[in-house]
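I opened this entry to keep a record of what I looked up, going from the strands outward to the core, the ligand and one loop.

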Amino acid sequence: REPENAEGISQSAAPPVTTFAPAPRSPGKPARLWKPKHVYVTADAYREEHGRRIVERLDALGIGYEVMKANRLPKLGGSTTAETYRKAKNTLAIVNAPPSALRLTPIPPSADWQFHLAKGCPAHCQYCYLAGSLPGAPVTRAYANLDAILENNASFIDPNRTLTTFEASCYTDPLGIEHLTGSISRAIEWFGGQPEARLRWVTKYDAVDPLLDLEHNGQTRCRISLNAEWVTRRIEAGTADLEARLHAMRRLARAGYRVGAVLAPLMPFENWREGYADMLQRLREALDFEVDLTFELITHRFTPGSKDILLEWYPKTPLDFDEARRSKKRNKFRSHKFVYPKEQMTELKEWFGKEIEARFPEAEVLYFT
Ligand code: SF4
């Protein structure tokens, strides 16, 4: 079993209270496959077997790249914030993960350990948590020393536990770059050979074809990040639309994967109950067969630093960054983030608890935060 969280939502709630007329179904709009305009491969990355595999993929896709003489990347910034953002979001760097990346750290409540296949993401979500956690220009760096990264995970599998869990998407959306790297496929196969470990990763993309025939042996939980149409249409540019994500999730579940719905970031926009009820109902219709399903619920939050960066990147965002309508939540590092006030959190938690329980009595809600 995967770790449970103390904040898990009660599973004994009443039937749903929200009724609505479901929106007409569309076939879904897939995410466009990212074609970076600038690609750099460092000298060390080019020596790695996986680095060469990535280069072969670039060749096959007709994407140009520059192999560097050393390991230093060229200056990636522009003269204004907007130019830096545009340029960086169009840049892929193939590098080796530094030795520090092999010292794994815990990532509660999601998993026991986090490890990284890449850092950065080509999508444009206006709340992106990477804005506050990755410094500098938002370039996507994919790791070429993948074999060392995966083998390193073996030393973190606890022999005294039945299952040790590993999260691979703290700093990237692995499926958004899979056509360029093939890294999540290799990670899934590696975990397929580790009966005492489980891989967890999450995406807002939908190009799951390469994953469907992998030997995952039930050791991977593929999670899809879902939100109401109001959010996905306005705030998550570059990702697959809701219907395409639901379709991807259905296909992954059909391929025997454990699946998960990461409902994030939850936000009480106008008519949020109808919007989220529509999303949950469509998820139920997409998963109309027996499935190993978990839910993770994460409300919208921001730090002072991430707010500044995001407002520079997305000055016209409809996201509510008004600190006066939030509560401060401090952490052990003496910094703080802004979350919804307690009453609003309670309302969201209770509403989602009831609606999920009514539609998905078989599913487990891992946490609400
Ligand atoms: Fe950030 Fe995830 Fe959106 Fe990528 S898909 S921009 S990592 S929130």
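I began with V95, whose bridge partner in β8 is Y143; I note here that the model is a predicted one. The two strands concerned, β3 (residues 91-95) and β8, run parallel and are joined by four bridges. I then looked up helix α2 (residues 49-61), which packs on the sheet and touches β1 (38-41), β3 and β8, its direction making about 155° with that of β1.

For the sheet as a whole I wrote down an open arrangement of five strands in the order β2-β1-β3-β8-β6, with mixed pairing. Its edge strands are β2 (66-67) and β6 (118-119), each of which pairs on one side only.

Next I turned to the largest nonpolar core, which has 85 residues, and in which I94, Y143, A187 and L252 have the most contacts. Helix α9 (residues 242-254) gives the most to this core, with seven residues. Leaving out residues up to four places away in sequence, I found that L252 touches V208, L211, C222, Y257 and V259.

Around the ligand I listed C121, A123, C125, C128, L130, D173, K204 and T239. Sorted by class, this shell has five nonpolar, one polar and two charged residues.

Last, I asked whether P135 is buried or exposed. P135 sits in the loop between α4 (130-133) and β8 (140-143), and it counts as exposed because it has 8 C-beta neighbours inside 10 Å, where the cut-off for exposed is 12 or fewer. I also noted that the C-alpha atoms of P135 and L92 are separated by 16 Å, the two residues being 43 residues apart along the chain.

Key. Residues numbered from 1 in each chain as written. Predicted model: local features only at pLDDT ≥ 70, side-chain atom pairs only at ≥ 80, totals over all residues. Buried ≥ 20, exposed ≤ 12 C-beta atoms within 10 Å, placed from the backbone. Near = placed C-beta within 6 Å. Nonpolar A, V, L, I, M, F, W, Y, C, P; charged D, E, K, R; others polar. Core = buried A, V, L, I, M, F, W, Y, C linked by C-beta atoms within 7 Å. Contact = placed C-beta atoms within 7 Å. Pairing = 2+ DSSP bridges. Axes fitted to C-alpha atoms, helices over the stretch in contact; angles between N-to-C directions.
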